[in-house]
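I kept a notebook open while browsing this one, and here are my entries. Have the structure on screen as you read along.

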Amino acid sequence: MNLDDPLLKILACPLDKGPLSLLTGEGEGALYNPRMRRRYPIRDGIPQLLPSSGEEVTDAEHDRILRRLAEAEVPS
């Protein structure tokens with residue numbers, strides 16, 4: 001899965017039904033919901049979007065993820 005994948009536009013958090021952000025560079029990657037601070041893994045290219053598959057992240061990890069997402073949005 002990559003940022004240009006059309007599937008990314010229709011995937012939603014199973015808990016709040018809101019959009020997810022793609023995190024890359026961490027193994028196979030993950031989808032992240034910053035509103036609920038939950039990360040959902042991508043295994044073998046398949047997003048694991050069951051509520052039980054998501055993991056809460058710490059405040060420090062949340063801040064780190066938000067910085068990474070902001071840096072990815074800035075054109076170089």
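What follows are my notes on charged pairs, one helix and the nonpolar cores.

**Entry 1: before starting.** I reminded myself that this is a predicted model. I kept that in mind for every distance below.

**Entry 2: Arg39.** I began with an arginine and asked where Arg39 sits. I found Arg39 in strand E3, which covers residues 38-43. Next I wondered whether Arg39 counts as buried or exposed. Its relative accessibility is 15%, and buried means under 20%, so I put Arg39 down as buried. I then looked for partners of its side chain. One polar contact of 2.8 Å runs to the side chain of Glu55, and another, of 2.9 Å, runs to that of Glu61.

**Entry 3: salt bridges.** How many salt bridges does the whole structure hold? My search turned up six. As a reminder to myself, side chains of opposite charge can pair when their charged atoms come close.

I opened the pair Arg37 and Asp59, where the closest N and O atoms are 2.6 Å apart. Arg37 belongs to the loop between strand E2 (30-33) and E3, while Asp59 belongs to helix H2 (residues 59-73), so this salt bridge ties together parts that are 22 residues apart in sequence. I also checked how open the two ends are. Arg37 is partly exposed at 30% relative accessibility, and Asp59 is exposed at 54%.

Then I went back to Arg39, which forms a salt bridge with Glu61, with 2.9 Å between the closest N and O atoms. Why does this pair link separate parts of the chain? Arg39 is in strand E3 and Glu61 is in helix H2, so the two tie together parts 22 residues apart in sequence. Glu61 has 18% relative accessibility and counts as buried, and I had already noted Arg39 as buried at 15%.

**Entry 4: following Glu61.** I stayed with Glu61 and found a salt bridge from its side chain to that of Arg64, 2.8 Å from N to O. Both residues lie in H2, three residues apart, which is about one turn of the helix. This fits what I know of helices: an α-helix has 3.6 residues a turn, so residues three or four places apart point the same way. Arg64 is partly exposed, at 31% relative accessibility. Which residues end up in one network? I wrote down Arg39, Glu55, Glu61 and Arg64, joined by salt bridges that share partners.

**Entry 5: helix H2.** I took the span of H2 next. Its 15 residues reach 21 Å from first C-alpha to last, close to the 21 Å expected at 1.5 Å a residue. The buried residues in H2 are Glu61, His62, Ile65 and Leu69. Looking down the helix axis, I saw these buried residues fall within an arc of 100 degrees, so they line one face of H2. What covers them? The cover includes strand E1 (21-23), E2 and E3. On the face turned away from the buried side, I listed the exposed residues Asp59, Ala60, Arg67 and Glu71.

**Entry 6: nonpolar cores.** Last, I looked up the largest nonpolar core and counted eight residues: Leu8, Leu11, Cys13, Leu20, Leu22, Leu31, Tyr40 and Ile42. A second core, separate from that one, has six residues, among them Leu23, Ala30, Val57 and Ile65. I had met Ile65 already, among the buried residues of H2.

Terms used:
Residues are numbered from 1 along each chain as its sequence is written. This is a predicted model: local features need pLDDT of at least 70, side-chain atom pairs count only at pLDDT 80 or more; totals for chains, interfaces and linings use all residues. Side-chain values use heavy atoms; hydrogens and water are left out. Helices (H or I, at least four residues) and strands (E, at least two) are DSSP runs, numbered from the N terminus. Buried means under 20% relative accessible area, exposed over 50%, partly exposed in between (1.4 Å probe, protein chains only). A polar contact is a pair of N or O atoms within 3.5 Å; within protein, one must be able to donate a hydrogen and the other to accept it, and residues adjacent in sequence count only if both atoms are side-chain atoms. A nonpolar core is a set of buried Ala, Val, Leu, Ile, Met, Phe, Trp, Tyr and Cys residues joined through side-chain atoms within 4.5 Å. A salt bridge is a side-chain nitrogen of Lys or Arg within 4 Å of a carboxyl oxygen of Asp or Glu. The expected span of a helix is 1.5 Å times one less than its number of residues. The arc is that of the directions from the helix axis to the C-beta atoms. Contact means heavy atoms within 4.5 Å.
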